Amino acid sequence: MAIASFAESGADLQLTGITKRFPGFTAIEELDLTIPAGSFFALLGPSGCGKTTTLRLVAGLEEPTAGQILIGGKDVTSTKPFQRPVNTVFQSYALFPHMTILENVAFGLRRRKLGDPVGKAHEALKLVELDHLASRRPAQLSGGQQQRVALARAIVNRPALLLLDEPLGALDLKLRRQMQLELKTIQTEVGLTFLHVTHDQEEAMTMADTVAVMNKGKIEQMGAPEELYELPRTAFVANFLGQSNLFTGEVVASGPDHIAVDVAGVPIVVPRTRAQRHAGEIAIGVRPEKVSLLTSAPLPESGRNVLGPGRVTDVSFSGVSTQYLVDVPGVGELVVFAQNMVFGPVVQVGASVWISWNADHGFGLDDDPGVVPRFVPDASTESIAIQRRIALEEELEQA
Ligand SMILES: Nc1ncnc2c1ncn2[C@@H]1O[C@H](COP(=O)(O)OP(=O)(O)OP(=O)(O)O)[C@@H](O)[C@H]1O
Ligand SMILES: [Mg+2]
């Protein structure tokens, strides 16, 4: 599906000191962000954190209160939207129902009086593997196919920068996963810069080279997906990107390689390099899948942390894994994910268990431990998706 003429390079996007104030509300504060040319960048965050506002600023649909926007090194802060080398794909496809698929894709090129709109539209449709349906109308396509037409329509303009605002929000899970892989493939083939906005952490991690986690108009942490997941620096990132068991306690030992934190009288060891703070009261954590459940007290072993005994308060089976909630006196409720290697759960509700993990798998946060919640369940992405869909539909209706 590679088409040489589409292999045009993307452009760097640079935001410096961007602030956006609406009357009585600051949506973005002092945002600095550099997205290298040709990368797949995901902006991830909960509803209302400022993702769409950031995209609208880049597209020129909003004016920043302060700061500069550079695309390909050129300052476009005062440039009109249609003069920016940018295209946006919204969640709702908004295809013209009375036009064929081909005409939908060629429309923008015709309007801008660019040469060979039909040839270029066919090329873009080949890229999304829909050229064989070029003469159909949108109503004769499935939702996922319509989504791909919307993508072809954006790519045909060869924007140096493609902005995607929750473009897969309306698709069912399976189609969504399939489109995620296809989008990633297309991005690699065309070499354009993609800025993808989502509240779905799995989507951000699957697709992007770099993920920026946004909270209340600020970027809390940015990095490769594995890096963010393995070493979250704040409780917000630790809980927004998957789940975490978090503890707070006083540092009671500090060596060259490890520190130990007192958690309900038990010294919990964390590698020094994986902790942001090394003294005083700090917050530390471990991911639920890194923790093992044991039905008898383990022998003390260097390099492993053990808490318990605790009581299993909930067991929920989810196919590939089972989630256990374990209440450890003095510590609170912990989450353990166990892969289903055997038939049925390993232990039942009420069982007495110990939990244990490799000390190298823990992490220490930078947050003030006083404000770190002990355990925060994952944000409900479903309700966020519904809100998003309604907001975008309204936006498109008004446009
Ligand atoms: N025109 C506006 N006037 C006042 N406040 C606004 C305006 N547009 C957005 N906001 C506020 O700015 C904040 C960020 O909005 P934004 O649309 O960027 O959020 P988002 O991260 O895209 O959220 P979602 O995931 O729900 O789409 C919200 O609190 C929103 O209410
Ligand atoms: Mg939004």
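The following legends describe close-up views of a predicted model.

**Figure 1. Overview of the predicted protein.** The chain of 399 residues has 40% of its residues counted as buried. Its secondary structure comprises nine helices and 20 strands. Among contacts between residues at least 6 apart in sequence, 68% join residues at least 24 apart.

**Figure 2. The open sheet S2-S1-S4-S5.** Four strands form this open sheet, and their pairing is antiparallel. Its edges are strand S2 (25-35) and strand S5 (74-75), each of which pairs on one side only. Within the sheet, strand S1 (residues 13-22) is joined to strand S4 (residues 66-71) by five bridges in the antiparallel sense. Leu15 provides a point of reference for this pairing, as it stands opposite Ile69 in S4. In general, the strands of a sheet pair through backbone hydrogen bonds, in either a parallel or an antiparallel arrangement.

**Figure 3. Helix H1 across the sheet.** Helix H1 (residues 51-59) lies across S1, S2 and S4. Relative to S1, the helix runs at about 115°. H1 is mostly covered, with eight of its nine residues buried. The buried positions are Lys51, Thr52, Thr53, Thr54, Leu55, Leu57, Val58 and Ala59. Gly60, just after H1, takes a positive phi of about 90°.

**Figure 4. Strand S9 between its partners S3 and S10.** Strand S9 (residues 210-215) runs parallel to strand S3 (residues 40-44), and four bridges join the two. With strand S10 (residues 218-223), S9 instead pairs in the antiparallel sense, through five bridges. Ala212 of S9 can be followed through both pairings: Leu43 stands opposite Ala212, and Ala212 in turn stands opposite Met222 in S10.

**Figure 5. The hairpin of S9 and S10.** Two residues lie between the strands of this hairpin. Lys216 takes a positive phi near 50° here. The strands that flank the turn are antiparallel and are joined by five bridges.

**Figure 6. Packing of helices H2 and H4.** Two packed helices are described by the angle between their axes and the distance between the axes. The axes of helix H2 (residues 101-111) and helix H4 (residues 143-155) come within 8 Å and cross at roughly 30°. Because of this crossing angle, H2 counts as roughly parallel to H4. The crossing of H2 and H4 is right-handed. On the H2 side, the contact is made by Ile101, Asn104, Val105 and Gly108, and on the H4 side by Val149, Ala152 and Arg153. Sorted by class, the residues of this contact are four nonpolar, two polar and one charged.

**Figure 7. The buried residues of helix H2.** Ile101, Leu102, Asn104, Val105, Ala106 and Leu109 of H2 are buried. These buried residues pack against helix H3 (117-127) and H4. Ile101, Asn104 and Val105, which are among the buried residues of H2, also take part in the contact with H4. Lys113, just after H2, takes a positive phi of about 55°.

How values were computed
Residues are numbered from 1 along each chain as its sequence is written. Chains are lettered from A and ligands numbered from 1 in the order in which they are written. This is a predicted model: local features need pLDDT of at least 70, side-chain atom pairs count only at pLDDT 80 or more; totals for chains, interfaces and linings use all residues. Two strands pair if DSSP finds at least two bridges between them. Two residues are in contact if their C-beta atoms, placed from the backbone, lie within 7 Å. Axes are lines fitted to C-alpha atoms, for helices over the stretch in contact, and angles run from 0 to 180 degrees between N-to-C directions. A residue is buried if 20 or more other C-beta atoms lie within 10 Å of its own, exposed if 12 or fewer, and partly exposed in between; C-beta atoms are placed from the backbone. Angles under 35 degrees count as roughly parallel, over 145 as roughly antiparallel, 65 to 115 as roughly perpendicular and the rest as oblique. A crossing is left-handed if the near helix is turned anticlockwise from the far one by less than a right angle, and right-handed if clockwise. Ala, Val, Leu, Ile, Met, Phe, Trp, Tyr, Cys and Pro count as nonpolar, Asp, Glu, Lys and Arg as charged, and the others, Gly among them, as polar.
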